[in-house]
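Here is a note for a colleague who is beginning to read protein structures, set out as numbered points. Please keep the sequence and the 3D view open while reading.

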Amino acid sequence: MKIGEPVHYVDATERVSGRIEYVLNLEVPNMLCGKILSSPFPHARIVAIDAGEAEQMPGVVAVLTGAELLENPQVRARFGPVYRDQGILAIDKARFVGDPVVAVAAIDRDTAEAALERIYVEYEELPPALTLDEALKPDPVTGNGPPLVHETVMRREESFADIILRAEDGSNICNHFKLRKGDVEQGFALADHIFEDNFSNPANQ
């Protein structure tokens, strides 16, 4: 191989012909099947979980909840790139539709899916914040603050020590950073045209 020559995938033919073996397709002896029971609500407190019937089913090896993960000192129950605010399984409440609540491991897919149907979760529905404005502004009728995704600031990851964070309890804002350069008022005064609007962009750090 020389610089400038094209390099081909060693498994290119297998990829495009659909013959490549992915981990998802791998089967080994005594392999279990895992299934997740997810939240049907965008925002709800988890009042109780009754998985007793599912645990007693033949073929069910394990049923796991977020509370059990939290109690295990060998498991980091929450994760996140900057704040550890995402539960492997929902611990106190579900924060979006599809939030994983209970995990089941069984000898096959049918048994795992049947076990999910025998798990009872009691939810207390909470008002959701479905838009950015709803997450930041108080309720115009009651004057109360917005629905909080997290009531308290979660522990942050040590690997991002260079990021200056100013999160506060009782707010959905995890960081507020201002950048000012030059004389803004002078810039407006010298401008031929001024366009005003609200602009947003994805996270860039």
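1. Strand S7 is a good place to begin, since six of the seven residues in this strand, which covers residues 100-106, are buried, so S7 is largely enclosed by the rest of the structure. Here buried means under 20% relative accessible area, exposed means over 50%, and partly exposed lies in between, with a 1.4 Å probe and protein chains only. Helices (H or I, at least four residues) and strands (E, at least two) are DSSP runs, numbered from the N terminus.

2. A word on the source is needed before going further. This is a predicted model, in which local features need pLDDT of at least 70 and side-chain atom pairs count only at pLDDT 80 or more, while totals for chains, interfaces and linings use all residues. Residues are numbered from 1 along each chain as its sequence is written, and side-chain values use heavy atoms, with hydrogens and water left out.

3. Which strands pair with S7? S1 does so in the antiparallel sense over six bridges, and serine 38 stands opposite proline 100 in S7. Strand S3 (residues 60-65) also runs antiparallel to S7, joined to it by five bridges, with threonine 65 opposite valine 102 in S7. Two strands count as paired if DSSP finds at least two bridges between them. In general, the strands of a sheet pair through backbone hydrogen bonds, either parallel or antiparallel.

4. There is also an open sheet of three strands, in the order S6-S2-S8 and with antiparallel pairing. Its edge strands are S6 (93-94) and S8 (120-125), each of which pairs on one side only. Strand S2 (residues 44-50) pairs with S8 over six bridges in the antiparallel sense, and isoleucine 46 stands opposite tyrosine 123 in S8.

5. Tyrosine 123 deserves a second look, as it forms an edge-to-face aromatic pair with phenylalanine 41, at 5.2 Å centre to centre and with 70 degrees between the planes. Rings of Phe, Tyr and Trp (its six-membered ring) pair if their centres lie within 6.5 Å, and planes under 30 degrees apart count as stacked, over 60 as edge-to-face and the rest as tilted. Because phenylalanine 41 lies in the loop between S1 and S2 while tyrosine 123 is in strand S8, the pair ties together parts that are 82 residues apart in sequence. Tyrosine 123 counts as buried, at 19% relative accessibility, whereas phenylalanine 41 is partly exposed, with a relative accessible area of 22%.

6. Is asparagine 30 buried or exposed? Asparagine 30 is exposed, with a relative accessible area of 78%, and it is found in the loop between helix H1 (12-17) and strand S1 (33-38). Its phi is near 65 degrees, a positive value in a residue other than glycine. Most residues other than glycine have a negative phi.

7. Two further loop details concern glycine 98, which lies between S6 and S7 and is partly exposed, with a relative accessible area of 30%. Glycine 98 and alanine 54 are 44 residues apart in sequence and 20 Å apart in space, C-alpha to C-alpha.

8. Finally, the charged end of arginine 15 sits over the ring of tyrosine 9, 5.0 Å from its centre. The rule for such a contact is that NZ of Lys or CZ of Arg is within 6 Å of the ring centre and within 35 degrees of the ring normal.
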